[in-house]
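Morning, everyone. I have one structure to go through, and I will keep to what can be read from its atoms. Please have the sequence and the model open.

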Amino acid sequence: MIDFSLTEEQKALQEMAREFSEKELKPNAAKYDKGEEFPEEIMKKAFAVGFLTCTIPKEYGGGGLSDIDTIIISEELAAGCAGMYTTMMVNALAYTPIILYGTDEQKKKFLTPQTEKMLFASFCLTEREAGSDAGSLKTTAKKVGNEYVINGSKCFISNGGIASFYVIFCLTDPEKGARGMSAIVVPRETPGLTVGKEEDKMGHRASNTVELFFEDMKVPVENLLGREGIGFIIAMRTLDRTRAPVGAAGIGVARTALEYAIEYAKTRKQFGKSIALFQNTAFKIAQMATEINAARHLVWHAAWLLEQGKPCGKESAMAKVYGSDVAMRVTTETLQIFGGYGYMKDYPMEKLMRDAKLLQIYEGTNEIQRLVISKEAIGPIK
Ligand code: COS
């Protein structure tokens, strides 16, 4: 059976996210982009309606959204502002390892407080020398008595400057490399944790990105997720869940760009007629609308597989790579439809193009997604 229909609850959720995006995100997107300012007031509203904690299970105070619900709101929120979408969805990224591997006690301790007041969290995998090759990270956690002593650093950490806790991937057994990796939750106030300077980014400028430094940072052993040595698997299983929403964000960005371009093409007149009447423009629009729809099908399918508990590493990677590539192509083509105006900061097109670029890079570069897809597609070679 194939069924693309949404439930009444999902339609209401989509409508609510669309309204929030249109009213709160889109009109403020340029302001926070320009000032690279954290959108505190808007995030307070996002917290009040539940977007900051939407994936936390209901029994721990969250919205308990399913994977399909999450991709529905991801498309809507990113359609308003990709930077603000990132701030909201990075919370979901940081909560996922705890949702998947945390004990009941750890969920109550770390997730429930996030639902009681506006708080943020970070997922800390990337290091200066360990980006795509996540298994080669250097941060260590040495067990001393009933504590872990953590030393090292992380970079490009979204929400890092505003997080109340960090899920840190580190080596508890450095001799074993990736198989000696573990995931440990570290509260913000832990002595030895230093937040570095905020990065000055090309896009997603409303989202906070920093470097983190750890010097003899001590946390109780109870903060370990799962067991020692499964950190790499925890990271991979988390990313399998969170990559389809990035594809959905790509659809949101592309959709907004196309809406602006269609409106512009209808009203812009050259050679005595609206440029939408030139086949070059019309066919570009047709191609972009088709690609957006194709991306949505891939994203929805990956979310459906996730929800069914079926293997979906390849499909999540396909959803992410295609959704973000479509965002890049569509924002580039729609800017071209705007001509010189598209290149000016007075118009929204160049921001959309800058924002699209990061979707091809974060949560695993698109090259890494192609590696994941090709490994599974090709299979073992004798
Ligand atoms: N789910 C469960 N297990 C997985 C998995 C997944 N999605 N992907 C890999 N594994 C397991 C493998 O089965 C293997 O297990 P064994 O050691 O028991 O055989 C182990 O993990 C190592 O896998 P693999 O050999 O594929 O690891 P590689 O180092 O070759 O590469 C990639 C793995 C490149 C896919 C990984 O490093 C990656 O995703 N990198 C990008 C990181 C990223 O997304 N960073 C963004 C920052 S976080 S916002």
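Start at the ligand, in what is a predicted model. There are 19 residues around the ligand, and those that come nearest are S132, R179, D240, R243 and K375.

Take the polar contacts next. With S132, the contact is made by the backbone: one of its N or O atoms lies 2.8 Å from a nitrogen atom of the ligand. G364 also uses a polar backbone atom, and that atom is 3.1 Å from an oxygen atom of the ligand. K375 uses its side chain instead, where an N or O atom is 2.9 Å from an oxygen atom of the ligand.

How much of the ligand does the protein bury? Taken alone, the ligand exposes 1000 Å², and the protein buries 64% of that.

Which elements give two or more residues to the shell around the ligand? They are helix 7, residues 231-267, and helix 12, residues 366-378. Helix 7 gives the most, with 7 residues. If you sort the shell by class, you get 9 nonpolar, 4 polar and 6 charged residues.

Now the aromatic rings. A pair of aromatic rings is described by two things, the distance of the centres and the angle of the planes. This structure holds 9 aromatic pairs. One of them is F38 with F120, which is edge-to-face, with 5.5 Å from centre to centre and 85° between the planes. Where do the two residues sit? F38 lies in the loop between helix 2 (29-35) and helix 3 (40-49), and F120 lies in strand 1 (residues 120-124), so the pair ties together parts that are 82 residues apart in sequence. Their surroundings can be compared as well. F38 has a relative accessible area of 22%, so it is partly exposed. F120 has 4%, so it is buried.

Another pair is F271 with F278, again edge-to-face, at 6.3 Å centre to centre and with 85° between the planes. Is F271 buried or exposed? Its relative accessibility is 79%, so F271 counts as exposed. F278 is partly exposed, because its relative accessible area is 26%. F278 has a further neighbour: K273 lies over the face of its ring, 4.6 Å from the ring centre.

There is also a cluster. Ring pairs link Y264, F338, Y341 and Y347.

Next, a few single residues, beginning with buried ones. V299 is in helix 8, residues 279-307. With a relative accessibility of 1%, V299 counts as buried. What is the C-alpha to C-alpha distance between V299 and A248? They are 6.3 Å apart in space, and 51 residues apart in sequence.

For contrast, go to I72, in helix 4, residues 67-80. I72 is buried too, with a relative accessible area of 3%. Its C-alpha atom is separated by 29 Å from that of V185, which is 113 residues away along the chain.

T139 sits in the loop between strand 1 and strand 2, the latter being residues 140-144. Its relative accessibility is 0%, so T139 counts as buried. What does the side chain of T139 reach? It reaches the backbone oxygen of S153, at 3.2 Å.

Last, two backbone angles to look up. F156 has a phi near 55°, which is a positive value in a residue other than glycine. F156 is in strand 3, residues 147-158. The relative accessible area of F156 is 57%, so this residue is exposed.

H204 is the other case: its phi is near 50°, again a positive value in a residue other than glycine. H204 belongs to the loop between strand 6 (193-198) and strand 7 (209-220). Is H204 buried or exposed? H204 is buried, with a relative accessible area of 0%.

To go back over the main points: helix 7 gives the most residues to the shell around the ligand, and the protein buries 64% of the area that the ligand exposes when taken alone. Among the aromatic pairs, F38 with F120 ties together parts that are 82 residues apart in sequence. Of the two residues with positive phi, F156 is exposed and H204 is buried. That is the end of my part.

Notes:
Residues numbered from 1 in each chain as written. Predicted model: local features only at pLDDT ≥ 70, side-chain atom pairs only at ≥ 80, totals over all residues. Heavy atoms only, no water. Phe/Tyr/Trp six-rings, centres within 6.5 Å; stacked < 30°, edge-to-face > 60°. Helix = DSSP H or I, 4+ residues; strand = E, 2+ residues; numbered from the N terminus. Buried < 20%, exposed > 50% of the residue type's maximum accessible area, 1.4 Å probe, protein only. Lys NZ or Arg CZ within 6 Å of the ring centre and 35° of its normal. Near = heavy atom within 4 Å. Polar contact = N/O pair within 3.5 Å; in protein donor to acceptor, adjacent residues only side chain to side chain. Areas by Shrake-Rupley, 256 points an atom, 1.4 Å probe, with all protein chains shown as cover. Nonpolar A, V, L, I, M, F, W, Y, C, P; charged D, E, K, R; others polar.
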